[in-house]
Amino acid sequence: MNPTKKKLEYKWVILVACFVMTFIALGFCSGNKGLYLSAITDALHIPRSLFSINDSFRYVSSAVISVFFGRLLHKYGVRKMVAFGFICLIGSLLLYAYANTLPMFYLGGILLGVGLAFTSGSMTSSIIRRWFKKDIGKYIGIVYAANGVGGALAAQIVSPMINREGDAFGYRDAYLTVAAIVFVVGVVVILALRERPKNETIEKVDLKSKKSRSAAWVGVEYHKAIKMPIFFVGGIVVFLTGFMLQGINTVYAAYLKDIKIDAAFIATVASVFSLALTVTKILVGAIYDRFGLRTVMLVCQLAGATAFIILLLVGPSLAGMALTIVFALLYALSLPLETLVVPLIVNDLFGNASYDKILGMYIAMNYSGYALGAPLINLCFDMFGSYKPAFVGYAALMVVSCVVFMFVINTATKQKEAIISNQN
């Protein structure tokens, strides 16, 4: 077989490996964390706000790693860093399974954050950009869709263990089961991955072509990008969306349980939400390729604001439970803002020149929002006995963020056109 042809074909193996890695890392290790919250805090008699600091440790560690992501990836390569990530994921799951004190959960959060930094997000986006030069939104969307598939399957596996009748510590068996699955899948993924294709090139971009929205372009060097106002304003929006969306992701299952919705139905909602993510992430990637970043931000941010308002209306009645499904669908449409959309923002605003460095910084800003989101929304619960005040505030803040980012896109588009025109 011709070596060039073989290398071109191998990109599909890479795509599958990234899909599976996201499936297991985000879907099984992160996607259903809300199902564990009330079970762990009730079994160990821990206030939710204190337990949720575990998430802060997770996101702070991810943020720190993300700052140095480009440098670490360049020095050690894809396979070594992914292997290290899987080891950290397994370590975190084992700590969660056997933890009896808050410091043990916090250490598990640190390991989880490091593990996810090297098995999702920045890593998969960087790998896809190395092997696919066009329709980046579509392929990154396909990879991130694995989060929803994995989360849906994981919810059906772990929920019966967590909510096992008469066993307050059933969540421990759930963590151990997931740890075994992560180990097996991790070995397969590491064996399949490769560093990059040979003769990697960046094609010139035709501004008149619709395909230019999703193609790699020459971009802005890091030392110039950090002096641009849009770098910081865009980063603040990324921070705020992470803050809001992860706050909701942490508590929505516990909130539904608090308002007397049946545990089995909550698991169904989690599965509907996760399955919807498989569609919405591919859909958002396709929207980006076809219509651009502006439309993506409008659709996702307004869906998020609407989802937060709907949470105020859900309840144990038939109509209230139907609204819960509507919430799950709209929330699934907004959640790509904290995963898929971040690398698309970096691609659109800053291009290829310093992609890994800038993506690492933006992921760090996103994770910083995660770190504050979980404990603050649970502090709202501890102070007011309800999450509803946070839902109202989040809806308003999401709308404001949407308006601000429209100005960022307008400025960035003009700068991008000038740079590409000089290139051509």
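The following exercises, with worked solutions, concern helix packing and two buried polar residues in a predicted model.

**Exercise 1.** Determine at what angle helix α8 and helix α9 pack, how far apart their axes are, and which class of orientation results.

*Solution.*
Step 1. Helix α8 covers residues 122-131 and helix α9 covers residues 136-162; the two pack at an angle of about 140°, and their axes are 10 Å apart.
Step 2. Angles over 145 degrees count as roughly antiparallel, and those from 65 to 115 as roughly perpendicular. The angle given above therefore makes α8 oblique to α9.
Step 3. The sense of the crossing of α8 and α9 is right-handed.
Step 4. On the α8 side, the contact is made by T124, S125, I128 and R129, while α9 contributes I136, Y139, I140, V143 and Y144.
Step 5. Sorted by class, the residues of this contact comprise six nonpolar, two polar and one charged.

**Exercise 2.** State how closely the axes of helix α13 and helix α14 come and which residues form their contact.

*Solution.*
Step 1. Helix α13 spans residues 263-291 and helix α14 spans residues 293-311; their axes come within 7 Å and cross at roughly 140°.
Step 2. From α13 the contact draws on V284, I287, Y288 and F291, and from α14 on L293, T295, V296 and C300.
Step 3. The class count for the contact of α13 with α14 is seven nonpolar, one polar and no charged residues.

**Exercise 3.** Classify N366 as buried or exposed, and identify the partner that its side chain reaches.

*Solution.*
Step 1. N366 is placed in helix α17, residues 355-384.
Step 2. The cut-off for a buried residue is under 20% relative accessible area. N366 has 1% relative accessibility and so counts as buried.
Step 3. The N366 side chain reaches the backbone oxygen of E338 at 2.8 Å.
Step 4. With neighbours within four places in sequence left aside, the residues in contact with N366 are V238, G242, E338 and V342.

**Exercise 4.** Carry out the corresponding analysis for Q246, giving its accessibility class and its polar contact with E338.

*Solution.*
Step 1. Q246 belongs to helix α12, residues 229-258.
Step 2. Its relative accessibility is 4%, and Q246 therefore counts as buried.
Step 3. The side chains of Q246 and E338 are joined by a polar contact of 2.7 Å.
Step 4. Residues up to four places away in sequence not being counted, Q246 touches K33, Y59, E338 and Y370.
Step 5. E338 thus links the last two exercises: the side chain of N366 reaches its backbone oxygen, whereas the side chain of Q246 meets the side chain of E338.

How values were computed:
Residues are numbered from 1 along each chain as its sequence is written. This is a predicted model: local features need pLDDT of at least 70, side-chain atom pairs count only at pLDDT 80 or more; totals for chains, interfaces and linings use all residues. Side-chain values use heavy atoms; hydrogens and water are left out. Axes are lines fitted to C-alpha atoms, for helices over the stretch in contact, and angles run from 0 to 180 degrees between N-to-C directions. Helices (H or I, at least four residues) and strands (E, at least two) are DSSP runs, numbered from the N terminus. Angles under 35 degrees count as roughly parallel, over 145 as roughly antiparallel, 65 to 115 as roughly perpendicular and the rest as oblique. A crossing is left-handed if the near helix is turned anticlockwise from the far one by less than a right angle, and right-handed if clockwise. Contact means heavy atoms within 4.5 Å. Ala, Val, Leu, Ile, Met, Phe, Trp, Tyr, Cys and Pro count as nonpolar, Asp, Glu, Lys and Arg as charged, and the others, Gly among them, as polar. Buried means under 20% relative accessible area, exposed over 50%, partly exposed in between (1.4 Å probe, protein chains only). A polar contact is a pair of N or O atoms within 3.5 Å; within protein, one must be able to donate a hydrogen and the other to accept it, and residues adjacent in sequence count only if both atoms are side-chain atoms.
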